[in-house]
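Biologist: I am new to this structure and would like to know how its descriptive terms are justified. May we go through them one by one?

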Amino acid sequence: MPEKLYIDALREGLREEMLRDENVFILGEDVGLYGGAFGVTKGLFQEFGEDRVKDTPISEAAIAGAAVGAALCGMRPVAEIMFFDFFTIAMDQLVNQGAKNRYMFGGKAKVPMVIRGPMGCGTGAAAQHSQSFPAVFAHFPGLKVVMPSTPYDVKGLIKASIRDDNPVVFAEHKLLYRVKGEVPDEEYIVPLGKADVKRKGKDITVVAGSIMVIRALEAAKQLEKEGIDVEVVDPRTLKPLDMDTIINSVKKTGRVVIVEDDPISFGWGAEVAAGIASSSAFDYLDAPIKRLAGLDIPIPYNPNLEKHAVPQVEDIIKGIKDTLR
Amino acid sequence: MATIVTMPKLGTTMEEGTIIKWLKKEGEPIQKGEPYVEIQTDKVNLEDEAPESGIMRKILVSEGAVVPVGKEIAIIAGADEVLPEIGEEKTKEAERQASQIKSGEETKEQPKEMEAFEGRVKASPAAKRVARENDVDLSKVTPSGPDGRITEKDVMEFIKSHKIKATPVAMKIAVEQGISLETIQKAPGERITKQDLVPKESEKTFPAAETQKVIPVTGMRKIIAERMTKSKGTAPHIYLTLEVDMTKVIELREKLLPAIQARYSCKLSYNDILIKASAVAIKQNPIVNSSFLGDEIIIKQDINIGLAVALDDGLIVPVVRCADKKGIGEISKETTQLIEKARSGKLMPDEYQGGTFTITNLGMYDIENFKAIINQPESAILAVGKIMKKPVVIGDQIVIRPMMNLTLSCDHRVIDGAQGARFLQTLKQILEEPLEMLM
C-alpha cells in the first residue's frame, strides 16, 4: 500500500469528492491560487477553477454564513478556517444557524457542509494560533465533530463528512499534516461515529485523539520493551462518540488513560471517563480512570513552555505506569 | 468556655474504661462535682464527677463503649456556646493544615492519600466484581495496589491460594454429610481425601450444645482470664498440703468475738485470724513474700495480705496492708469494709493493688481441699478448706477434732518445696497455738 502524507491524503479526499459530486466546492481565505495557508487545497484551484475553489474576504463569520446558506440551497460546501482558533468568529453562524436549521425546518432543509481547519500547538504560533477545542462543538446538538489522526482516516473521514447531511466540524492538527501513513489508492470511506483500535493490547487502554494518537502509539512502542502491552483506541469522531469500542477495550484491560490535546477542564476526556464509569465497564475497572490533557493555560509562545502545555510521549508513559501501579 | 471531658484515669494501671451509664443526658444542666457518668474500669465501677458547671451539651460516646484514657467523652458548655470540633476530624484537619502550611501547597495539591472509611474495604470495581462472583470476603484479601487498594489480581491470587482441592469421593461425602471443605485442615496444595472427612471413631463429633447466652469476655472477666493464664503459663506451681487442728483458733475466736464486736462493730471471721497468722508466719519466712522478676527476686518489706472475694461475675482480691503490724480487731474491721466495697463494685484501685500474698477460702462452700493459682506478681497463695470435725490420733488416742486443710501453691522459681513447707509448718504451729502470734 502506498504511503502518503496526511495533508496529501486529505487533499485526495477533497478532490475525489469534488470529482464525484459537482455540488461540492471549497471556500476560505487564500484557498485558491495560494492553495491554503498550510497547502491543503494546493492545485485544486487549477483543476476545478474559481467557481469551485473560492477565495473569501478575511471574515470567518462570512465564510461560515456563506457555507450554511449554500448548504441550505443544495450545495455541499467545504469551508476552510485558516486557524482553528478563528472558529470562534464563525461560531454564531455555525452554532445558531447551521446546527439549528435542519431541526427548525422540521427536516425539510438540510445543512450538508464541512468546516475544517488546523488546530493545536507545537509550531511556536503562540496563544491565539495554537488552540485545540473541538470538544466545544461537540456540546451543540446538530453538529458533528471529527478529528482524524492518520492519513488513512483523514481521507476516509473527509469523504464521509462531505457526504453527511449535517454540518461537520473537521479538526486537523497542524503537526499531523507531515505525518506519513498507508493510504490505498482505491476508493474507501471511514464512517462517522466509529472508533478505531489503533493498537491491540491487553494491559491498559489509552483513549487518545488526533495528535495524541501518534504520541500514544509511540509511548506504547517504548513500553512494549518493558513488557507493558498497551491498547490504543482512537475515537476518531467526538460526535457521534463510539463508546462501545472504548467500553469493550476497558472491559478487557481494566485500566484506562485518556489523552487529549484540549485543555483538561470540561474536555472530551471527561465525557469519555463518565461514559466508562457509568457503563458496564465500571465493574472491570481495576484502577481510577486517568486523564492527561492540556493544562488550563493559554498556550505559551516560549517553545519549552509550549511543550509542557500539552501531554508529550514521556507524560503518557508516566500516566500509563501510574495507572498500572 | 466549653469543657471537653475525657476518660479519667481512675487508677495507676487503668488504660481504658467502659461507659456504663450516662447519668446526665444531652441538654441537662450539670454542676461542678456532680456525678455525670458511671465508668467501669477493669476492676470497679466508679462515678466520675463533672469538672465544670454548665450544660451537658454533647455526649461523644455511647453506653457500653470502651474508651481509652484521655479520649474525649463529652462536652460541657454554656447553653448557646459554639462547640469546638472534637475528635479525629479535628486532629486530621489540624494536621492537614499544618502540612499545608509546611509545604506551602495550595488546597488543590492535597496529599493523594485517600481516607479510610470505617468498615469499607478499599478495592477496585474489578476486584469487587471478581470477589462477588467468587464469594470472596474482600477484607481477607491482601492489597497490593497503591494506597492499599485491592486489585483484581489480588483477588485472583487469593482465590488461587484458597482454592480447595478435594478428591471426587471427598467432595461427594462433603456434600452428603453437609461438611464444609473449608474446615478441613490440609497443607497448601494438598488434596482433601476421604480419610480427612471420615472421622476416626474416637474423634466423632456430636452436635454442639445449643447456646443459652453469650457472655462477652471484657472487663474483669478478661483480666482474670489473662492473668490466670499468664500465671499458670509462667510460674511452675508446686502444691503443699497439710492439716491444721483448729480447736484453739475456734476457742480464740469465740473469746474475741464479743469484744471485737463491741469495739469495732464487726464480726471476727476465721479469715481475719488466718490473715494475721499468715502475716506472722511470713515474717518468719520472708521468701514467701516475694516477686520473681526474671533477673532478680524481690523480697517485699511490707506484708500485704490479699483476700479473694467472690463476686457474682468474677473475683477480686482486696488487700490488708501491713497485716503483720495490725491487730486482729483492726484487720477484721478492715476486711469487713473491703468485702462490702468489693461486692458493690466500689473498691478503689489502691485497695486491691499491691498485695504480696493471697489467701483464698472456699470452706463456706464445703470444699475440703483445693489448689489455687498464684496471683502474680506474688509468689504464693494459700488455699483454705472447710473446718471439719474428724477423728484424729493424738498420742495413742482417737479423738474428734475440728480439722482444716491448707494448701500452699508456690512459684518454684522462687520458693523451693522445703521453704514452702517451712512456711506452712510455721503457720500450722501458729494456728494450733494461736496465742503465739500475739507475742
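Modeller: Let us begin just after α7(B), where B:Ser265 takes a positive phi of about 40°. This is a predicted model, in which local features need pLDDT of at least 70 and side-chain atom pairs count only at pLDDT 80 or more, while totals for chains, interfaces and linings use all residues. Residues are numbered from 1 along each chain as its sequence is written, with chains lettered from A and ligands numbered from 1 in the order in which they are written.

Biologist: What makes a positive phi worth noting?

Modeller: Most residues other than glycine have a negative phi. A:Phe266, in the loop between β13 and α9 (268-277) of chain A, is another residue with a positive phi, of about 60°, although it is not a glycine.

Biologist: What makes residues 247-264 of chain B a helix, and what span do they reach?

Modeller: Helices are DSSP runs of H or I with at least four residues, strands are runs of E with at least two, and both are numbered from the N terminus. Helix α7 of chain B has 18 residues. The expected span is 1.5 Å times one less than the number of residues; for α7(B) this gives 26 Å, and the helix reaches 25 Å from its first C-alpha to its last, which is close to that value.

Biologist: Where does α7(B) bend, and by how much?

Modeller: The bend at a residue is the angle between axes fitted to the seven residues ending there and the seven starting there. At B:Leu256 that angle is about 40°, and a proline, B:Pro258, follows within four residues.

Biologist: Which strands of chain A form the open sheet of seven, and how do you know that they pair?

Modeller: Two strands pair if DSSP finds at least two bridges between them. The order is β3-β2-β4-β5-β7-β6-β12, with mixed pairing. As one example, β2 (residues 24-28) and β3 of chain A have three bridges in the parallel sense, and A:Leu27 stands opposite A:Lys54.

Biologist: Why are β3 and β12 of chain A said to stand at the edges?

Modeller: β3 (53-55) and β12 (237-239) each have a single partner strand, so one side of each is left without a neighbour in the sheet. The twist averages 20° from one strand to the next.

Biologist: What is the order of the open sheet of five strands in chain A?

Modeller: It is β9-β11-β10-β13-β14, again with mixed pairing. β9 (196-199) and β14 (290-294) are the edge strands, each pairing on one side only, and the twist averages 25° from one strand to the next. Within this sheet, β10 (residues 204-208) runs parallel to β13 (residues 256-263), joined by four bridges; A:Val207 has A:Ile258 as its bridge partner.

Biologist: Which helix lies across strands of chain A, and at what angle to β11(A) does it run?

Modeller: Helix α7 (residues 211-224) of chain A lies across β9, β10, β11 (230-234) and β13, at about 170° to β11(A). Axes are lines fitted to C-alpha atoms, for helices over the stretch in contact, and angles run from 0 to 180 degrees between N-to-C directions.

Biologist: Which strands of chain B pair with β19(B)?

Modeller: Among them are β9 (residues 237-245), antiparallel to β19 (residues 397-411) over nine bridges, and β17 (residues 380-384), antiparallel over five. B:Cys410 stands opposite B:Ile238 and is also the bridge partner of B:Ala380. β18 (residues 388-394) runs antiparallel to β19(B) with seven bridges. The hairpin of β18(B) and β19(B) has two residues between the strands, and there B:Gly395 takes a positive phi near 65°.

Biologist: How do you know that the bond from A:Lys239 to A:Pro240 is cis?

Modeller: Its omega is near 0°; A:Pro240 is in the loop between β12 and α8 (243-253) of chain A. The bond from B:Gln376 to B:Pro377 is also cis, with omega near 10°.

Biologist: How many residues are in contact between the chains?

Modeller: Contact requires C-beta atoms, placed from the backbone, to lie within 7 Å. Eight residues of chain A are in contact with nine of chain B.

Biologist: What confidence does chain B have?

Modeller: pLDDT is the predictor's confidence in each residue, from 0 to 100. Chain B averages 83, and 88% of the residues score at least 70, but pLDDT stays under 50 over residues 87-116. The model scores ipTM 0.71 and pTM 0.53.

Note on methods. Two residues are in contact if their C-beta atoms, placed from the backbone, lie within 7 Å.
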